[in-house]
Amino acid sequence: MPEELLRDLPRDLPSFLKRFGTDAKCRAYLVQALWPEGFRCGGCGRPEAYSHKKRLIEECRSCGRQHSILAGTMFEQTKTGLSKWFLAIYLVTTSKGGISAMELQRQMGFGSYGTAWTWLHKIRRAMIRPGREPLQQRVEVDETLVGGARSGKSGRGADGKTVVAGAVETKPGKGRKRPLGRLRLAALPDASAKSLEGFIAADTAKPLTVTTDGWAGYRGLEAKGYAHEPINLSASWGDASLRLPAIHLVFSLAKRWLLGTHHGAVQPKHLQRYLDEFVFRFNRRKAKAISHGFARLVQHAVKTPPTTYRAIVHAAVA
């Protein structure tokens, strides 16, 4: 992350309001996020520009080309001041367990629940940056089921529930004391080999050691070039949480978060966005500055294409 975005990060809400309490201050920070190496004109390549006072535009002093600060970003076409957007991002990223749409509505003074819900989903879209560094070296992988209690068969094919695959980097150690690295979670259509192998391939880099249970969906990993370490649970007391402690700890924390902050009221088609938020928080759990997540999300926001309420409501994330 560019050093400029990390400099003088606010330590609490009063210092945040002092640093980002006006649209002008937020605009200056956004320009740094857009041009971390300094402004360069997209037309002539020159580094000099001046800022319009009434429009969110940087204009090249040499050729006159205008560069919108908001176009192509999460903030495109917003009618709300940048300071309010920055405050919402700060509240979401610095809250230890996250906040619900109802709580965001209350704290931001929105007139409707729908506005808060839409803002939260836009912010979640910016939490996962395309092209992020894949998991490396050694991971534990497993799947779990997420969803309310439903009648029907149990296990990997349970009716009315969503299969969620997880992969977490692990380091040498024993049991639950084993140091954990970065995490990936994905909602899958099923627990087939095609789905699981696709998830692992998309989020990891070879050479990689993958520890799993003995489920048939993982049997082809060795042929795909992974060092596969399957655990036969039937021959090891059958307790997956003891044999795969890292990923099962993550699953437990994620489900507790979904039930605690969001009361389990997450529609399956939107589940991936909530998983993305959990991953964003988990992977920054050791950040020294409370506002590190805020800075990272603003950096992502300028690279996140805009979306609308209609698109969010009707789109399911694969």
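Okay, let's start with the sheet. In this predicted model, three strands make up an open sheet, ordered β1-β2-β3, and the pairing is antiparallel. So what's at the edges? That's β1, residues 49-51, and β3, residues 66-68. Each of those has a single partner strand, so one of its sides has no neighbour in the sheet. If you look at how neighbouring strands sit against each other, they're turned by 25° on average, ignoring direction.

Let's zoom in on one pair. β1 and β2, which covers residues 57-60, run antiparallel and are joined by three bridges. Find Tyr 50 there, and you'll see Glu 59 of β2 opposite.

Right, on to the pockets. The largest one holds about 550 Å³ of space. It's lined by 19 residues, and the closest to its centre are Ser 95, Lys 96, Arg 281, Phe 282 and Arg 285. Which helix gives the most to that lining? It's α10, with four residues. At least two residues each come from α4 (82-94), α9 (245-262), α10 (271-282) and α11 (292-301). By class, that lining has eight nonpolar, six polar and five charged residues.

Now the second largest pocket, at about 360 Å³. Here 16 residues form the lining, and nearest the centre you'll find Arg 132, Arg 182, Asn 283, Arg 284 and Arg 296. Two or more residues each come from β6 (180-188), α10 and α11, and α11 has the largest share, with three. As for the classes, this lining has eight charged residues, five nonpolar and three polar.

Note on methods:
Residues numbered from 1 in each chain as written. Predicted model: local features only at pLDDT ≥ 70, side-chain atom pairs only at ≥ 80, totals over all residues. Heavy atoms only, no water. Pairing = 2+ DSSP bridges. Axes fitted to C-alpha atoms, helices over the stretch in contact; angles between N-to-C directions. 1 Å grid on protein atoms, 1.4 Å probe; cavity = no way out; pocket = protein on both sides within 12 Å on 5 of 7 lines; lining within 4 Å. Points joined across faces, edges and corners; volume = space filled by probe spheres on them. Nonpolar A, V, L, I, M, F, W, Y, C, P; charged D, E, K, R; others polar.
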